[in-house]
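Visitor: Could you take me in for a close look at one part of this model? I'd like to start with the aromatic side chains and then see what lies around the rest of the chain.

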Amino acid sequence: MAHGIAVLVEHLEGQVTDVTYELLGLARRIADTDGAEVVACLLGHGVRHVAERLPADRVVLVEDHALHYLAPEATARTFAALLRGERPWLALVPNTAIGMDVAAWVAAALDWSLVAYCQAFDRRDGRWVATAQLFGGKVLADVPLGSDPVVVSALAGAFAADAVEPGPPGTIETQEPPAELATLRTCSVRLERPEVADIDITRAEKIVAVGRGIESKDNLELAEQLAEALGAVLAASRPLVDAGWLPRSRQVGKSGLKVKPKLYLALGISGAPEHLEGMKDAELIVAVNKDPKAPIFTVADYGVVADLFDVAEALLERLEG
Ligand SMILES: Cc1cc2nc3c(=O)[nH]c(=O)nc-3n(C[C@H](O)[C@H](O)[C@H](O)COP(=O)(O)OP(=O)(O)OC[C@H]3O[C@@H](n4cnc5c(N)ncnc54)[C@H](O)[C@@H]3O)c2cc1C
């Protein structure tokens, strides 16, 4: 597969993740320009039926009990063995909790370059350029790619989801798992699902988000009242969730949820890169912070330098009065 493009298929309990289709679409776009072959690499256990939904030129299927739930060590070793045989020019991996582990391990094992946190992939002056986020998105790095093989882990949501439709591949090929799967040091024991969310904040049209500026758990009541009056849901920065004031399902950010509401009202949130990562794509951001230098103002459409309690109470009075 000279100059081929390999895509690691991410799936859970028989469902292919959206980011996989985004990467298959990106691979198709590159392949159409370069005349390359798109190979979907499907690793797992009992996943043959998943291959039928992968729009690639070829699916390479490797099944083994150790690959259940795409356990990182087994997945990385199998993917590396597969790439060694296929020798593609580019390996695309979702930059997700699973993919981040796999991409770094595979790049190191094969001695290939790694571009992580990729958010754009364009052709410039006859070369492909991968744009990667550094420092949580504060800095963008353009990485021109040469002819040496490279692993690119791409951010979920960065590439068009509808560039390809789920559908059958050209061919499906089965490969034996590498022998080393019999001697792994780690394995997945079971799948533990997070607590059932009371509210899905990723679908909310309006969010009132509170940060450490709210000071105490008791003060959440005021934010809750404001959220209710606005027809919004209440979310929070990580410290409030870590303190147990709100459930994990309400956390916005890098290690929480990514949200894209029509309105994001941030009260007493400083705007650390890890928080911005989860909300900077909201349609309208209104930030209230008493520190005029708070980084949240760099992404806000409207910024209010004030005490959040004064603003929340005044807003409530207006909305309820
Ligand atoms: C690997 C990693 C992952 C992380 N993931 C996340 C994540 O998913 N989500 C997340 O949020 N964080 C995450 N963090 C933590 C992040 O770095 C910040 O520590 C956190 O976002 C800060 O929360 P905050 O803005 O509420 O608190 P602070 O940074 O303490 O900010 C509080 C703000 O409130 C303002 N303020 C105080 N009192 C008032 C008042 N009365 N009126 C108005 N403003 C007031 C202050 O000026 C300040 O700007 C992560 C960190 C790491 C290392």
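Guide: Happy to. Keep in mind that this is a predicted model. Let's begin with F121, which is buried, as is W128. These two residues form an aromatic pair, and the structure holds 1 such pair. Their rings sit 5.5 Å apart, centre to centre, with 35° between the planes. That geometry counts as tilted, because the angle falls between the 30 degrees under which planes are stacked and the 60 over which they are edge-to-face.

Now for the surface. L134, F135 and V139 make up a nonpolar patch there, and together they have about 290 Å² of accessible area. Have a look at F135 in particular: you'll find it in the loop that links strand 8 (127–134) to strand 9 (139–144). F135 counts as exposed because its relative accessibility is 64%.

There's a charged patch too. E215, D307, D310, E313 and E317 form a negative one on the surface. Of these, E215 belongs to the loop between strand 12 (206–210) and helix 4 (220–230). With a relative accessible area of 55%, E215 is exposed.

One last stop is A161, in the loop running between strand 10 (150–154) and strand 11 (171–175). A161 has 49% relative accessibility, so this residue counts as partly exposed; the cut-off for exposed is over 50%. What's worth a look here is the partner from elsewhere in the chain: A161 and D18 are 143 residues apart in sequence, yet their C-alpha atoms are 6.9 Å apart in space.

Conventions:
Residues are numbered from 1 along each chain as its sequence is written. This is a predicted model: local features need pLDDT of at least 70, side-chain atom pairs count only at pLDDT 80 or more; totals for chains, interfaces and linings use all residues. Side-chain values use heavy atoms; hydrogens and water are left out. Patches are made of residues with over 30% relative accessible area and no salt bridge: like charges are joined within 9 Å, nonpolar side chains (Val, Leu, Ile, Met, Phe, Trp, Tyr) within 5 Å. Accessible areas come from the Shrake-Rupley method with a 1.4 Å probe; for residues, only the protein chains shown count as cover. A salt bridge is a side-chain nitrogen of Lys or Arg within 4 Å of a carboxyl oxygen of Asp or Glu. Lys and Arg count as positive and Asp and Glu as negative; His and the chain ends are not counted. The place of a charge is taken as NZ of Lys, CZ of Arg, CG of Asp or CD of Glu. Helices (H or I, at least four residues) and strands (E, at least two) are DSSP runs, numbered from the N terminus. Buried means under 20% relative accessible area, exposed over 50%, partly exposed in between (1.4 Å probe, protein chains only). Rings of Phe, Tyr and Trp (its six-membered ring) pair if their centres lie within 6.5 Å; planes under 30 degrees apart count as stacked, over 60 as edge-to-face and the rest as tilted.
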